[in-house]
Amino acid sequence: MNHTKVIDSAAVPTQASRWGRRVWSILKYLVLFLVIYTLINWWRQPVMPAAPQLQLTDYQAQSVDIEALSYNAPVLVYFWGTWCSVCKLTSPTIDALAQSSAYPVVTIATQSGSNEQLGAYLNEHNFNFVTINDESGEMFEQWQGQVTPSYVILKDGKMTQGLTGIQPEWSLRLRLWLSSLLS
């Protein structure tokens, strides 16, 4: 009697099938992460007030009419603070975007001190973007801001997008371009 065991090759997992299961598992977790991230970002995004104040004065006493700017091209409004550690990472990107983009960028520094303190901070970091000083944080509250950094894109006086957190420059450029396609 021959006791040789016959192995069914179809039942033995191959190296390729193990890699396929690993990749599939990673993809499932990635999709789950992206869904959760998107939902949290949507929940934390600023909300445009019913009657927003869009005619403002920057920290250097220059008039800034965000609404008027938004009729020419989408405007990126960036809420940030000098005290915000994440903003220290995102502000250089916003400054680069403001200097090299066809889209206007207006920043709102929330609870970042007096105009003089804010100006000193901007000079120290070589930031040249237009900055409104929201010294009391009232403006950020009106937009129901929950976290900094937060971003709003306005087109024709209306909010088209809101987002929070670290955003790469290419993502902001893409969002501004997409908003420009809206009529």
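**Figure 1. The whole chain, element by element.** Starting at the N terminus, the elements follow the order α-β-β-α-β-α-β-α-β-α-β-β-α. That gives 6 helices and 7 strands, in what is a predicted model. The chain is more spread out than a compact globule, because its radius of gyration is 24 Å, well over the 16 Å that the globule rule gives for 183 residues. Measure out the C-alpha trace along its principal axes and you get a span of about 100 × 40 × 30 Å.

**Figure 2. Surface, inside and charges.** Out of 183 residues, 39% count as buried. About 11100 Å² of the chain is exposed, and 59% of that comes from carbon and sulfur atoms. As for charges, there are 11 positive and 13 negative ones, and their mean positions sit 27 Å apart. Take the contacts with a separation of 6 or more: 69% of them join residues 24 or more positions apart.

**Figure 3. Two nonpolar cores.** The largest nonpolar core has 22 residues, and the members that touch the most others are Leu76, Trp80, Ile94, Leu122, Tyr151 and Leu172. Several elements chip in with at least two residues each: strands β3 (75-80), β4 (105-110) and β6 (150-155), plus helices α3 (85-100), α4 (115-124) and α6 (169-180). Apart from this core lies another, made of 15 residues, including Val75, Val77, Ile132 and Phe140.

**Figure 4. A close look at Ile108.** This residue, Ile108, belongs to strand β4. Is Ile108 buried or exposed? Ile108 counts as buried, because its relative accessibility is 1%, and the cut-off for buried is under 20%. Skipping neighbours within four places in sequence, Ile108 makes contact with Val77, Tyr78, Phe79, Trp80, Ile132, Asp134 and Met139. One of these partners, Ile132, is 24 residues away from Ile108 along the chain, yet their C-alpha atoms are separated by just 4.7 Å.

**Figure 5. A close look at Ile66.** Here we move to helix α2, which covers residues 66-72 and includes Ile66. With a relative accessible area of 1%, Ile66 is buried too. Which residues does Ile66 contact, leaving aside its neighbours within four places in sequence? They are Leu54, Leu56, Val75, Val77, Val106 and Leu154. Two of those names, Val75 and Val77, also turn up in the core of 15 residues. For a sense of distance, look at Ser100: 34 residues separate Ile66 and Ser100 along the chain, and their C-alpha atoms are 19 Å apart.

Technical notes: Residues are numbered from 1 along each chain as its sequence is written. This is a predicted model: local features need pLDDT of at least 70, side-chain atom pairs count only at pLDDT 80 or more; totals for chains, interfaces and linings use all residues. Side-chain values use heavy atoms; hydrogens and water are left out. A nonpolar core is a set of buried Ala, Val, Leu, Ile, Met, Phe, Trp, Tyr and Cys residues joined through side-chain atoms within 4.5 Å. Buried means under 20% relative accessible area, exposed over 50%, partly exposed in between (1.4 Å probe, protein chains only). Helices (H or I, at least four residues) and strands (E, at least two) are DSSP runs, numbered from the N terminus. Contact means heavy atoms within 4.5 Å. The radius of gyration is taken over C-alpha atoms; the globule rule is 2.2 Å times the number of residues to the power 0.38. Accessible areas come from the Shrake-Rupley method with a 1.4 Å probe; for residues, only the protein chains shown count as cover. Lys and Arg count as positive and Asp and Glu as negative; His and the chain ends are not counted. The place of a charge is taken as NZ of Lys, CZ of Arg, CG of Asp or CD of Glu.
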